[in-house]
Amino acid sequence: MARIPFIAGNWKMYKTGPEAVETARKLVDLCADVGKVEVMIAPTFLSLALVSDCVRGSRIKTGAQNLYFEKEGAFTGEVSAAMIRATGSEYAIIGHSERRQYFGETDETACKKVRAAIQGGLKPILCIGETEAERDQEKTFLILDKQVSDGLKGLGPDELRDLVLAYEPVWAIGTGKTADTRQVDEVHQYLRSLLSRLFSADFSDRIRILYGGSVKPENAKELMNIKDVDGALVGGASLDPDKFIKIIKYYL
Ligand code: PEP
C-alpha cells in the first residue's frame, strides 16, 4: 500500500502570532502546486487558531506541539485535544524529545496523550529516539522498542490507523548532526518490523514513519530516498518558508 509522504514542521517556541501568520501565508503561496505530499505545520498553542484560519482551504494542515491527556478540568496552563481540534488542527505531536528532556514527559504520559488525541479526533505523531549515550551503549533498539511498546500500550490497530511515528535521534535534534543514511535505514527497517510484530504486517505497511533531526534542503534528498522513510519532521528549517519548501519539493 502506498503511503502518502508527509512533511511536518515543528515551530517550537518561535514566532509571535503575527510572525506565524506571515510565515504561514508565505507557505500557502509556495505550496500551491504541492500535490502528492501532505504538509503540516505546528506553531505554538497561541498561534494555532490564527495559523489554522490562515491555511484553511490550502494544502497545508496544522497540528499542536503537545496536548494534555484529560478532557477538561482544573489543569491550569494545559490544552485539551478538543480545544486543538476546534481550531481546525488535524495533528498532535506527542513525546517530542524536548518535552521528555525538559518537561518530564515519559512513555506513560505520551501513551495517555496518544489515546486522548485519538479520542479527541486528532492524529498522533509519536516521537521516539535514543540519546547519544544510549546509542554509544548500543541500546538504540532497546530504547525504541520500549518507547513504541509503552507509548502505544493498550491501543489497537483500528484506533491507531492514523498514527504517525517520528524517529528523531536526540543527538541529531537542533544540533546540525544528522544520522547517516545507514543509521536511518537500519532504524526505520527495525521500526517497520517492530510495528509488524506488535500489530500486523498490514498495519505496519500502512503507518508512516518520519525521520527528524537536522533535516535541511541539503540533506533532504538522501534521507527521503531511504525506503522506509515516509517524510520528515523538521524543526529549524521549517521556520524559514524558503528552506521548508525545498524539503517539501523533494517529493514533487
Ligand atoms: C524537531 O524539532 O523535531 C527537529 C527535528 O528539530 P531540527 O530539525 O531543528 O533538528
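Select N66 as a starting point: apart from its neighbours within four places in sequence, N66 is in contact with F45, I84, I93, R99, E105 and K113. Bear in mind from the outset that this is a predicted model, and that the tour moves outward from this residue to the chain and then to the ligand.

**Stop one: N66 and its loop**

With N66 still highlighted, trace the backbone on either side, and you will find N66 in the loop between β3 (60-64) and α3 (81-86). N66 counts as buried because its relative accessible area is 7%, which is under the 20% cut-off used for that word. Now add the side chain of K113 to the selection, since the side chains of N66 and K113 make a polar contact at 2.9 Å.

**Stop two: S80**

Stay with the loop between β3 and α3, where S80 also lies, and show that residue next. Is S80 buried or exposed? The relative accessible area of S80 is 6%, so this residue is buried. If neighbours within four places in sequence are left aside, the residues in contact with S80 are Y68, E70 and K71.

**Stop three: I94 in a strand**

Next, select residues 91-94, which form strand β4, and pick out I94 within that strand. I94 has a relative accessible area of 0% and is therefore buried. To see what surrounds I94, show L67, A110, K113, V114, A117, P124, I125, L126 and C127, the residues in contact with I94 once neighbours within four places in sequence are set aside. You may also draw a line from the C-alpha of I94 to that of T109: the two residues are 15 residues apart in sequence, and the line spans 9.3 Å.

**Stop four: E138**

Move on to the loop between α6 (132-136) and α7 (140-151), where E138 is found. E138 counts as exposed because its relative accessibility is 73%, and the cut-off for that word is over 50%. Look at the backbone here as well, for the phi of E138 is near 60°, a positive value in a residue other than glycine. Most residues other than glycine have a negative phi.

**Stop five: the whole chain**

Zoom out until the protein chain fills the window, and colour it by secondary structure to display its 11 helices and 8 strands. Along its principal axes the C-alpha trace spans about 45 × 45 × 35 Å. A compact globule with 252 residues would have a radius of gyration near 18 Å, and the 17 Å of this chain agrees with that. Of the 252 residues, 52% count as buried, while the chain exposes about 11500 Å², of which carbon and sulfur atoms supply 52%. Among contacts between residues at least 6 apart in sequence, 72% join residues at least 24 apart.

**Stop six: the ligand**

Finally, select the ligand and the 14 residues that surround it, the closest being K12, E168, G174, S214 and G235. Which kinds of residue make up this shell around the ligand? The shell divides into 4 nonpolar, 8 polar and 2 charged residues.

Show S214 in detail, in the loop between β7 (208-212) and α10 (217-224). S214 is buried, with a relative accessible area of 15%, and its phi is near 55°, a positive value in a residue other than glycine. A backbone N or O atom of S214 lies 2.8 Å from an oxygen atom of the ligand. Turn then to K12, where a polar side-chain atom lies 2.8 Å from a ligand oxygen atom, and to G236, where a backbone N or O atom lies 2.8 Å from an oxygen atom of the ligand. Taken alone the ligand exposes 300 Å², and the protein buries 96% of that area.

Conventions: Residues are numbered from 1 along each chain as its sequence is written. This is a predicted model: local features need pLDDT of at least 70, side-chain atom pairs count only at pLDDT 80 or more; totals for chains, interfaces and linings use all residues. Side-chain values use heavy atoms; hydrogens and water are left out. A residue is near a molecule or strand if one of its heavy atoms lies within 4 Å of it. A polar contact is a pair of N or O atoms within 3.5 Å; within protein, one must be able to donate a hydrogen and the other to accept it, and residues adjacent in sequence count only if both atoms are side-chain atoms. Accessible areas come from the Shrake-Rupley method with a 1.4 Å probe; for residues, only the protein chains shown count as cover. Ala, Val, Leu, Ile, Met, Phe, Trp, Tyr, Cys and Pro count as nonpolar, Asp, Glu, Lys and Arg as charged, and the others, Gly among them, as polar. Helices (H or I, at least four residues) and strands (E, at least two) are DSSP runs, numbered from the N terminus. The radius of gyration is taken over C-alpha atoms; the globule rule is 2.2 Å times the number of residues to the power 0.38. Buried means under 20% relative accessible area, exposed over 50%, partly exposed in between (1.4 Å probe, protein chains only). Contact means heavy atoms within 4.5 Å.
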